[in-house]
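This report looks at how two chains meet and at some local features within them. Please keep the sequence and the structure in view while reading.

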2 protein chains.
Amino acid sequence: MPDWGSVMAASSPTLHRAVIEHMVRQAVYRRLGKPLPATATAPNPLVVNVSARHCHLTQEAVETLFGKGRQLTVHKWLYQEGQFAAKETLTLIGPRSRVISNLRILGPCRSLNQVELAYTDGIALGFELPLRISGDIKGTLGCMLMGPAGFFEMTEGVIRALRHVHMAPDDAAFYGVKAGEAMKLRIGGPCGIILDNLLTRVDKSFKLEVHIDTDEGNACNLQPGTPCELLK
Amino acid sequence: MPDWGSVMAASSPTLHRAVIEHMVRQAVYRRLGKPLPATATAPNPLVVNVSARHCHLTQEAVETLFGKGRQLTVHKWLYQEGQFAAKETLTLIGPRSRVISNLRILGPCRSLNQVELAYTDGIALGFELPLRISGDIKGTLGCMLMGPAGFFEMTEGVIRALRHVHMAPDDAAFYGVKAGEAMKLRIGGPCGIILDNLLTRVDKSFKLEVHIDTDEGNACNLQPGTPCELLK
């Protein structure tokens, strides 16, 4: 079992295993002079990472919580370019006054405040999390955030993020999908699962990466070496 | 989200929704004089229940923990005939001295002691749960159990139970499977999943019921009304 204590548990601190495997596979087939099998012809390796609960904050929220002029500091770089788990963590106080401690902040700051939890967290907090596409927080419940310098009230934005895959246009072309379409992810192993309704997000800045949450990761016991396959 | 506080959260206190739906479906098609669709011709309704963490104990363990001559008392009857969640709960102390409180005991007593946890629980306890078929506990880690009358040391038996389906021979014939074979379960809804490697267990005393754990139930947000389909 991976230790979900780190924000992106299945991501290696250096190079993700799937990235190395993809390079080795391509090199071996080239060396053997054999045609590449379908997975090896993919423009990019498929990386699947588990996002533990976390939040995205505005600079204003960061300053209210951590002090005037305070900037988020990098704890660990994530797989998507420029994204990081911050050293800063928060205490979340839910609508029924139950608490989640050490909620990790992901940086850099965004234009909206959003907390992404797993259903297991929602049960611990005692309220029903809406399943939403990240960014679509209208009408959702909020919470109180507590930092060393003060409180910040979120009037909305506590969600379970819909499982999704980030990809660049060349990946979208390879898999034959468009932004907003649903894909499937097959995760192998002795308690394997297929995840339906995996939202496709396409941007030329994106690296091919599936984000699932801890409930999904634990349901199938996703490990760095677990075989995964992205399906249209 | 269901409240996993109860041991079998998706099971109704009276009649399971899937059972009622199956009866209504059959009655409606009969009334309309139309041929039954495939799902309605199944000999029994498909019930899918989430098993929250729990343990099975020997009578000896119950007496050590709760007192000489003590019998488990019924808190709630489960879907399988004669099985119940007991009023009695325990404190589990894991191999790293971390604790799970209010661990529910399922009755009646068995010939072996076994604790069934989700991977999320294993992470909280700080150790790696083996994925095992219920009853196959050889070589697994144990734990200490604490009850009001004393401690009971389990030298082995803490597992994640492999997802499984209970069925009677007529169900096995309908689905075309044999005991020990793997089936799949498709769970619908906005975060639907397909569970692979669902172990088939056949006995003439069994009612058709799939048991998944809280990680699996939360990954797909299984609700009483969520459509489920059992596939070979």
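How many residue pairs are in polar contact across the interface of chain A and chain B? The model is a predicted one, and in it the rule finds 21 such pairs, counting those with both residues at pLDDT 80 or more. Salt bridges give another result, since across this interface the rule finds 0 of them.

**The interface**

Chain A puts 29 residues into the contact, and chain B puts in 28 residues. Between them the two chains bury about 2400 Å². Of this area, 57% lies on carbon and sulfur atoms.

Which elements of chain A supply at least two residues each to the side that touches chain B? They are α4 (119-125), β13 (193-202) and α6 (214-219) of chain A. The largest share, 5 residues, comes from β13(A). Sorted by class, the side of chain A that touches chain B has 15 nonpolar residues, 8 polar residues and 6 charged residues.

The strand β13(A) also pairs with a strand of the other chain. It is joined by 3 bridges to strand β13 (residues 193-202) of chain B, and the two strands run antiparallel. Within this pairing, Ile193(A) stands opposite Leu195(B), a residue of β13(B).

**How the two chains are related**

In general, two copies of a chain are related by a rotation about an axis and a shift along it. Here a turn of 180° with a shift of 0.0 Å along the axis lays chain A on chain B, with an RMSD of 0.0 Å. Why is this called a two-fold relation? Because a turn of 180° with a shift of 0.0 Å is the relation of a two-fold axis. The same surface serves both copies, as 97% of the contact residues of chain A recur in chain B.

**Local features**

Each chain has a cis peptide bond that is listed below.

| Chain | Cis peptide bond | Omega |
|---|---|---|
| A | Gly107(A) to Pro108(A) | near 0° |
| B | Gly107(B) to Pro108(B) | about 0° |

Where are these prolines found? Pro108(A) is in the loop between β5 (99-107) and β6 (114-116) of chain A. Pro108(B) is in the loop between β5 (99-107) and β6 (114-116) of chain B.

Another backbone feature concerns Ser97(B). This residue is not a glycine, yet its phi is positive, about 65°. Ser97(B) lies in the loop between β4 (84-93) and β5 of chain B.

**Salt bridges**

Over all chains, the structure holds 22 salt bridges. One of them is formed by Arg160(A) and Glu216(A), whose closest N and O atoms are 3.2 Å apart. The pair links distant parts of the chain, with the two positions 56 residues apart in numbering. Arg160(A) belongs to strand β10 (residues 158-161) of chain A, while Glu216(A) belongs to helix α6 of chain A. That helix, α6 (214-219), is also among the elements that supply at least two residues to the side of chain A that touches chain B.

How values were computed. Residues are numbered from 1 along each chain as its sequence is written. Chains are lettered from A and ligands numbered from 1 in the order in which they are written. This is a predicted model: local features need pLDDT of at least 70, side-chain atom pairs count only at pLDDT 80 or more; totals for chains, interfaces and linings use all residues. Side-chain values use heavy atoms; hydrogens and water are left out. Contact means heavy atoms within 4.5 Å. Buried area is the accessible area (1.4 Å probe) that two parts lose on being put together, summed over both. A salt bridge is a side-chain nitrogen of Lys or Arg within 4 Å of a carboxyl oxygen of Asp or Glu. A polar contact is a pair of N or O atoms within 3.5 Å; within protein, one must be able to donate a hydrogen and the other to accept it, and residues adjacent in sequence count only if both atoms are side-chain atoms. Helices (H or I, at least four residues) and strands (E, at least two) are DSSP runs, numbered from the N terminus. Ala, Val, Leu, Ile, Met, Phe, Trp, Tyr, Cys and Pro count as nonpolar, Asp, Glu, Lys and Arg as charged, and the others, Gly among them, as polar. Two strands pair if DSSP finds at least two bridges between them. Copies are superposed by least squares on the C-alpha atoms of residues with pLDDT of at least 70 in both.
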